[in-house]
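Please open the structure in your viewer, with the sequence alongside, and follow the stops below in order. At each stop there is something to select and something to look for.

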Amino acid sequence: MKITVIGAGYVGLVSGVCLASKGHQVICVDVRKEIVNCLNSGTPHIFENHLENLLQTVVNDKLFSATTDLNRALENSDLVLIAVGTPSLNGKIDLGQMKMVSNQIGKFLRKSDKFLAIVVKSTVVPSTTDSLIKDIIESESEKKLGDFGLGMNPEFLREGNAIDDFMNPDRIVIGFEDFRTKNLLNQLYDNWNCQKLFVNSRTAEMIKYANNTLLACLISMNNELSNLSSTVGDIDYLDVIDGISSDNRWSPTINNEKIYPSIISYFTPGAGFGGSCFPKDVQAIRTLGESLGLNMNMSNSILNVNDNQPDVALRKIENSPLASKSVLFLGLSFKPNTDDIRESSSIKILNLLLSRDYNIIAHDPIAVKNTKKEVQNTRLKFTVDWKSEIKNNDIVIIGTNWEEYKKLTSILGEEKSKKLIIDCKRLLDSSEIKYHHYSTYGK
Ligand code: UGA
C-alpha cells in the first residue's frame with residue numbers, strides 16, 4: 001500500500017520505517033529540511049534501538065523516502081497517517097500542528113478526485129478526530145466524510161523498545177468513521193498477526209489515554225504506599241510487592257508455572273514517572289474531564305503523588321548526617337535506553353539540588369547532550385568516566401536504572417571513605433552494600 005506519514009518525530013518515523021519494512025511504500029513528510037535530508041541518507045535524527053539499521057534497509061530497498069512536499073506525497077498515497085506532535089500546553093494538548101496539517105490535507109482534497117483515508121496516529125483526546133479534524137477537512141475540501149476516509153489508530157510504543165513494540169504488538173486498535181478506511185487499515189496491518197480491535201475513533205482515542213493513565217496510576221499508587229511503608233519503618237516495599245504479585249490475579253499459574261507479567265515492574269517504588277507520555281496524557285485527560293464539568297479526583301491524585309516523588313530524594317539527602325554538598329549523579333534520561341530527558345525525575349532532582357547549592361558531577365551514557373541544552377549551571381559538570389568520580393564525591397545518586405550502574409556495588413566494596421548512596425530506582429541489592437549508607441524508595 002502507498003502511505004504518507006506526516007511528522008518524522010518519534011512515532012511517525014518508527015511507524016513509517018516499520019511499515020516500509022513490511023513492504024509498504026512509505027513517504028514521510030516533515031517541514032524540517034535538515035531532518036528530511038538525514039533520513040534520505042539513512043540516518044535517523046533520534047536515538048531508538050535498531051532504528052538506524054532498519055531505516056538504512058528500507059531506504060536502500062527504496063520503500064522509504066522523506067520529503068517536505070506534502071502535496072506530492074499525498075498524490076502518491078492511498079492512506080495518510082498523521083503523526084505530528086501534540087505537546088502539552090497549560091495541561092491541555094496543543095492541537096496547532098494537527099489543525100495545520102488537517103487544513104493542508106483539506107486543501108489538497110479540494111483539488112483532487114482521489115479517495116484518501118486520513119488516519120490520526122498522534123495522541124489526541126476523545127472526539128478530536130470525529131469532530132475537529134473532520135470539520136476542518138470537510139470545510140477546507142468542500143467534501144463530506146465518505147468522499148474521504150477518516151480513522152484513528154493509536155500507538156502503544158515504549159521508547160527504547162519502539163521497533164519491537166511496533167513489529168510485535170499486543171493488539172492493534174483500529175478506529176474508523178467509514179468502512180473504506182476500516183478496510184484499508186485492516187489491509188495495512190495484514191502482515192501483523194495479533195488481536196485487532198475495530199471501534200469508532202473516539203473509543204480508539206480513549207483506549208490510548210485509559211491505557212497510559214492506568215499505568216501511571218499503578219506507579220503513583222505504589223509510590224504512595226511505599227512512602228507510607230518507609231515512614232512506618234522496617235518494611236521493604238519490594239517484599240510487599242512479592243506479596244501482592246503472588247496473588248493469582250496478577251500472576252496466574254499456566255501449565256503448573258507461575259507467570260509474572262511485566263506489568264508488575266510498574267509496582268516498583270521510585271522517583272516517579274516521566275517521559276513525553278504519562279505526565280502529558282494524565283494532565284490532558286484531567287483537563288478534558290474538568291472542561292466537561294467532571295471531578296477528576298483520581299487523575300489529580302496520580303499527578304500530585306508524582307510531583308512529590310523527587311522531593312523524597314532531596315529529603316533523604318538533607319536528613320542524612322552527611323554535611324557534604326558534592327554529588328555524583330548517575331543517569332539523566334527518564335528511563336534507560338533512551339536519550340530523552342523530558343519530564344525526567346532525574347532532571348527534577350538535579351534542579352532541586354542545584355537550587356540548594358550542591359555541586360554535581362553527572363553522567364549518562366547518551367543523555368548528556370540533551371541535559372546540557374536544558375540545564376545550565378556553573379555547579380553542574382559532566383563526566384564520561386563515572387567510576388573514577390566515586391572517590392571524589394560523598395553522595396552518589398542513581399537517577400536512571402541503566403544496567404551499567406549495577407557495577408557500583410563492586411566498586412563501593414573497594415571504596416574506603418563512607419558514601420551516601422541514594423538509589424531512586426531500586427537498582428542495587430541493599431544487602432550487598434555493607435559499609436556505606438544506602439537509602440532508597442520504599443525502604
Ligand atoms: C508509555 C507506555 O508504556 C506506552 O505503552 C505508550 O505507547 C507510550 O507511553 C506513549 O504514550 O507513547 P514510555 O513513556 O516510552 O511508554 O515508557 P514506559 O516504559 O512505560 O515508562 C514511562 C514512565 O514510567 C518512565 O518514567 C518510567 O521510569 C516509569 N516506569 C516504567 C516506572 O516507574 N516503573 C516501571 O516499571 C516502568
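How far is an oxygen atom of the ligand from an N or O atom in the side chain of Lys335? Select the ligand together with Lys335, and you will find 2.9 Å between that oxygen atom and the side-chain N or O atom. Please keep in mind throughout the tour that you are looking at a predicted model.

**Stop 1: around the ligand**

Keep the ligand selected and add Gly274, where a backbone N or O atom lies 2.7 Å from an oxygen atom of the ligand. Then add Phe334, which also offers a backbone N or O atom, in this case 3.4 Å from a ligand oxygen. Taken alone the ligand would expose 710 Å², and the protein buries 89% of that area.

Now widen the selection to the 18 residues around the ligand, of which Glu159, Lys208, Asn212, Ser265 and Gly274 come nearest. If you colour this shell by class, you should see 8 nonpolar, 3 polar and 7 charged residues. Two elements, α9 (201–232) and α11 (278–291), each give two or more residues to the shell, and α9 gives the most, with 3 residues.

**Stop 2: a salt-bridge network**

Next select Glu159, which was among the residues that come nearest to the ligand, and add Asp340 and Arg342, since salt bridges that share partners join Glu159, Asp340 and Arg342 into one network. Asp340 is found in the loop between β13 (326–330) and α13, and its side chain makes a polar contact of 2.9 Å with the side chain of Arg342. Is Asp340 buried or exposed? Asp340 counts as buried, because its relative accessibility is 7% and the limit for that class is under 20%. Leaving aside residues up to four places away in sequence, Asp340 touches Glu159, Ser276, Ser333, Phe334 and Asn370, and Phe334 is a residue you have already met beside the ligand.

**Stop 3: salt bridges between parts of the chain**

The structure holds 18 salt bridges, and three further pairs make useful stops. Begin with Lys107 and Glu140, whose side chains meet in a salt bridge with 3.2 Å from N to O. Lys107 sits in helix α5 (residues 96–110) and Glu140 in helix α6 (residues 128–141), so that the pair links distant parts of the chain, 33 residues apart. Lys107 counts as partly exposed at 43% relative accessibility, whereas Glu140, at 17%, counts as buried.

Move on to Arg110, which forms a salt bridge with Glu142, the closest N and O atoms being 4.0 Å apart. Arg110 belongs to helix α5 and Glu142 to the loop between α6 and β8 (149–152), which places the partners 32 residues apart. Arg110 is partly exposed, with a relative accessible area of 43%, while Glu142 counts as exposed at 60%. Stay on Glu142 for a moment and inspect its backbone, for this residue has a positive phi of about 60° although it is not a glycine.

For the third pair, select Arg379 and Asp357, whose side chains meet in a salt bridge at 3.5 Å, N to O. Arg379 lies in the loop between α14 (368–374) and β15 (380–382) and Asp357 in the loop between α13 (345–354) and β14 (359–363), so the pair ties together parts that are 22 residues apart in sequence. Arg379 is partly exposed, with a relative accessible area of 23%, and Asp357 is partly exposed as well, with 49%.

**Stop 4: two loop residues**

Where does Asn90 lie? Asn90 lies in the loop between β5 (88–89) and β6 (92–93), and it counts as exposed at 75% relative accessibility. Its phi is near 50°, a positive value in a residue other than glycine.

Finish at Tyr260, placed in the loop between β12 (257–258) and α11, where it is partly exposed, with a relative accessible area of 48%. Residues up to four places away in sequence aside, Tyr260 touches Ser245, Ser246 and Ser251. If you also select Cys18, the C-alpha to C-alpha distance from Tyr260 is 29 Å, with their places 242 residues apart in sequence given as the separation.

Note on methods
Residues numbered from 1 in each chain as written. Predicted model: local features only at pLDDT ≥ 70, side-chain atom pairs only at ≥ 80, totals over all residues. Heavy atoms only, no water. Near = heavy atom within 4 Å. Polar contact = N/O pair within 3.5 Å; in protein donor to acceptor, adjacent residues only side chain to side chain. Areas by Shrake-Rupley, 256 points an atom, 1.4 Å probe, with all protein chains shown as cover. Helix = DSSP H or I, 4+ residues; strand = E, 2+ residues; numbered from the N terminus. Nonpolar A, V, L, I, M, F, W, Y, C, P; charged D, E, K, R; others polar. Buried < 20%, exposed > 50% of the residue type's maximum accessible area, 1.4 Å probe, protein only. Contact = heavy atoms within 4.5 Å.
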